[in-house]
Structures are given as structure tokens and as C-alpha cells.
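Here are some exercises to work through with the model open beside you. Try each task before reading the solution under it.

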Amino acid sequence: FSLYNRWGIEVFRTTDPDFVYDGKDQSSGEYLLNGTYVYIIKANGLGKRNYLNKNFMKEEALAYAVII
């Protein structure tokens, strides 16, 4: 799971499937400002099938963006 701000800068990344995101920037440790963030999720399924879910913000796709 990776989380990016509106300028494409990665603010959080993990490979732990049990993580709980607390709303903080991973490098600074400070809470992120309110806004729209984009996420990418990569996963492996049965039979080694790979899954990739990229949701980049579009005005009509607001439901897919992470709102903090």
C-alpha cells in the first residue's frame, strides 16, 4: 500500500497486510493536512496471480480517493 499527496510525493508506504494507517506522514511523523490523496495497492492472490489497484484522483472518481 502506497499513499501519495496531490503532487505525487509518497507520504506513506507499507508491505504489512495488518497495518493500521494513522494519518501521519511516514518521513516527518506529522499528521497530514486535510486534502485528497491517491493510493496504490498491490497484492498477490491464489496461484501467484498479481493484483494492482491504482486510483488517481479525478473529479468524477472522488469515491476512489483517500480523503483525510
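**Exercise 1. Find the order of the elements from the N terminus on, then count the helices and strands.**

Solution. Start at the N terminus of this predicted model and follow the chain: the elements run β-β-β-β-β. The count is therefore five strands and zero helices, with helices and strands taken as DSSP runs. To round off the overview, 26% of the 68 residues count as buried. Turning to contacts between residues at least 6 apart in sequence, 37% of them join residues at least 24 apart.

**Exercise 2. Describe how E1 and E2 are joined.**

Solution. Begin with the direction: E1 and E2 (residues 10-13) run antiparallel, and three bridges join them. Next, pick out a pair: Leu3 has Phe12 in E2 as its bridge partner. Finally, look at the connection, where five residues lie between the two strands of this hairpin. In the turn, Gly8 has a positive phi of about 85°.

**Exercise 3. Decide whether Ser2 is buried or exposed, and list its contacts beyond the neighbours within four places in sequence.**

Solution. First place the residue: Ser2 belongs to strand E1. Its relative accessibility is 8%, and the cut-off for buried is under 20%, so Ser2 counts as buried. Now leave aside the neighbours within four places in sequence; Ser2 is then in contact with Glu10, Phe12, Arg13, Val38, Tyr39 and Ile40.

**Exercise 4. List the residues of the largest nonpolar core and name the strands that each supply at least two of them.**

Solution. The core has six residues, namely Leu3, Val11, Phe12, Leu32, Tyr37 and Tyr39. Sorting these by element, E2 and E3 each supply at least two. Leu3, which appears in this core, is the residue whose bridge partner in E2 is Phe12.

**Exercise 5. Characterise the largest pocket by volume, lining and residue class.**

Solution. Take the volume first: it is about 280 Å³. Then collect the lining, which is made up of Phe1, Ser2, Tyr4, Arg13, Thr14, Thr15, Asp16, Pro17, Phe19, Ile40, Ile41 and Lys42. Strand E1 (2-4) and strand E3 (36-44) are the elements that give two or more residues to this lining. The largest share, three residues, comes from E3. Sort the lining by class to finish: six residues are nonpolar, three polar and three charged. As a link back to Exercise 3, Ser2 lines this pocket and is in contact with Arg13 and Ile40, among others.

Terms used. Residues numbered from 1 in each chain as written. Predicted model: local features only at pLDDT ≥ 70, side-chain atom pairs only at ≥ 80, totals over all residues. Heavy atoms only, no water. 1 Å grid on protein atoms, 1.4 Å probe; cavity = no way out; pocket = protein on both sides within 12 Å on 5 of 7 lines; lining within 4 Å. Points joined across faces, edges and corners; volume = space filled by probe spheres on them. Helix = DSSP H or I, 4+ residues; strand = E, 2+ residues; numbered from the N terminus. Nonpolar A, V, L, I, M, F, W, Y, C, P; charged D, E, K, R; others polar. Pairing = 2+ DSSP bridges. Core = buried A, V, L, I, M, F, W, Y, C linked by side-chain atoms within 4.5 Å. Buried < 20%, exposed > 50% of the residue type's maximum accessible area, 1.4 Å probe, protein only. Contact = heavy atoms within 4.5 Å.
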